[in-house]
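Reader: I would like to learn how to read a model like this one, feature by feature. Could you take me through it?

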Amino acid sequence: MGGVDSNIGNTVADSKTMALDSLLEKVYRSSGYDFRGYKRGTVTRRLERRLQATGVKTYLEYVQFLDAQPEEYERLADDLTIKVSGFFRSPYTFQQVARLVLPELVFYKEDRRQRALRFWSTACARGEEPYSIAILLGEFLGHRLRNFDISIYATDISRHALHGAQAGLYSLKEIEGLPPTILGNYFTHRGEGYAVDSNIRQMVNFSYFDLVSTTTLPFVNLDCVLCCNILIYLQKQLQERVLGMLYDSLATPGYLILGEVETPTDNLRGRMECLDIKAKIYKKTGRTL
Ligand SMILES: C[S@@+](CC[C@H](N)C(=O)[O-])C[C@H]1O[C@@H](n2cnc3c(N)ncnc32)[C@H](O)[C@@H]1O
């Protein structure tokens, strides 16, 4: 009897998986948003929220809803992406970027009389991460800032988040915890919150870029790439592909920074030197390890 029950259970699970597969396939074909390689647990939980919000009961009904109201694709993409972030979100990582990466990188550039410093924040949400890097560079370089041409590219698939990032306005809650000197030197009190100063804003270029569905690199020859708190939402195979692409976008030497709970895939681990395992800082050296 147990065998029959478990067969029925498996069949139900299989048909749910197939319904989810075809829903994600449809979303990809009709909108370009590609959630097929995201971890299924998060996708399923977040989809349930859309089902409830739209008042439909099954994936099939939801497909019909999407056909009738295509603007739902944007809402779905917005709900499927988690946009939690913060200034200097992993303080230890930023501390180690200032201690290990910036002195080495700046020495390398000065030694070769190169002015360009190129960073990429690959899932920048509302801008806290790229602005934190810009502030860190301001703190580290001080008056030497003017000796460099700094570009911090910041991309995301959430147009809504990018819009907020470009505005550079943050509530009191969002800047909570920033040291008063940082607040005083790089922000201006505006309305109910704070605005990032223009000398910091002008270092950062925001644009739309989908890490998953694009295979051509938007930037190359980068000194430092941050890919924080996005890999955790992707299945292993997709993590491998994204990290391979980011590796190719780095110059040699170049630095890759991951989120606190993220690790490079096996393939990448053999190609990058780990500078600090806790801070998740890796260096492309051009040598196979
Ligand atoms: C949890 S936030 C991380 C923000 C920041 N990197 C940090 O660590 O604080 C994840 C971000 O990844 C973005 N995202 C999700 N899928 C993406 C994709 N395929 N391409 C680019 N960004 C993506 C989301 O829109 C969201 O802003």
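Reader: Is α6 mostly covered or mostly open, and how many of its 14 residues are buried?

Author: First, some ground rules: this is a predicted model, where local features need pLDDT of at least 70, side-chain atom pairs count only at pLDDT 80 or more, and totals for chains, interfaces and linings use all residues. Residues are numbered from 1 along each chain as its sequence is written, and side-chain values use heavy atoms, with hydrogens and water left out. Helices (H or I, at least four residues) and strands (E, at least two) are DSSP runs, numbered from the N terminus. Buried means under 20% relative accessible area, exposed over 50%, and partly exposed in between, with a 1.4 Å probe and protein chains only. By that rule, twelve of the 14 residues of α6 are buried, and the helix is mostly covered. The buried ones include Glu128, Glu129, Tyr131 and Leu141.

Reader: What span should helix α6 have, and what does the model show?

Author: The expected span of a helix is 1.5 Å times one less than its number of residues. Helix α6 covers residues 128-141, so it should span 20 Å, and its end C-alpha atoms are indeed 20 Å apart. Just after α6, Gly142 takes a positive phi of about 55°.

Reader: Which other backbone angles should I look at, and where is there a cis peptide bond?

Author: As a general guide, most residues other than glycine have a negative phi, and most peptide bonds are trans. Here, the bond from Thr252 to Pro253 is cis, with omega near 0°, and Pro253 lies in strand β8. Ala125 is not a glycine, yet has a positive phi of about 50°; this residue is found in the loop between β1 and α6. Asn221 also has a positive phi, of about 60°, and sits in the loop between β6 (204-208) and β7.

Reader: Is Ala125 buried or exposed?

Author: Ala125 counts as buried because its relative accessibility is 6%. His160 makes a good partner for practice: the C-alpha atoms of His160 and Ala125 are separated by 9.0 Å, while the two residues are 35 apart along the chain. His160 belongs to helix α7 (residues 159-167) and is exposed, with a relative accessible area of 62%.

Reader: Now the strands. Which strands does β1 pair with, and in what sense?

Author: Two strands pair if DSSP finds at least two bridges between them. Strand β1 (residues 116-121) pairs with β7 in the parallel sense over three bridges, and Trp120 has Val225 of β7 as its bridge partner. On to β2: six bridges join it to β1, again in parallel, with Ala116 opposite Asp149. The route from β1 through α6 to β2 is a right-handed β-α-β crossover. Right-handed here means that, with the strands pointing away from the viewer, the path from the first strand over the helix to the second runs clockwise.

Reader: What else pairs with β2 and with β7?

Author: β2 and β6 pair in parallel over five bridges, and in β6 Phe206 is the bridge partner of Ala154. β7 is joined by five bridges to strand β8 (residues 250-258), which runs parallel to it; Cys224 has Tyr255 as its partner there. Another right-handed β-α-β unit is made by β7, helix α11 (residues 236-249) and β8.

Reader: Why is β7 described as largely enclosed?

Author: Strand β7 (residues 222-227) has six of six residues buried, so the rest of the structure largely encloses it. Strand β2 (residues 149-156) is mostly covered, with seven of its eight residues buried.

Reader: Which residues come nearest to the ligand?

Author: A residue is near a molecule if one of its heavy atoms lies within 4 Å of it. Of the 21 residues around the ligand, Tyr38, Ser85, Ala123, Asp156 and Asn229 come nearest. A polar contact is a pair of N or O atoms within 3.5 Å. A polar side-chain atom of Asp156 is 2.6 Å from a ligand oxygen atom, while one of Glu129 lies 2.9 Å from a ligand nitrogen atom. For Asp210, an N or O atom of the side chain is 2.8 Å from a nitrogen atom of the ligand. The protein covers 98% of the 600 Å² of accessible area that the ligand has on its own, by the Shrake-Rupley method with a 1.4 Å probe.

Definitions and conventions. Polar contact = N/O pair within 3.5 Å; in protein donor to acceptor, adjacent residues only side chain to side chain.
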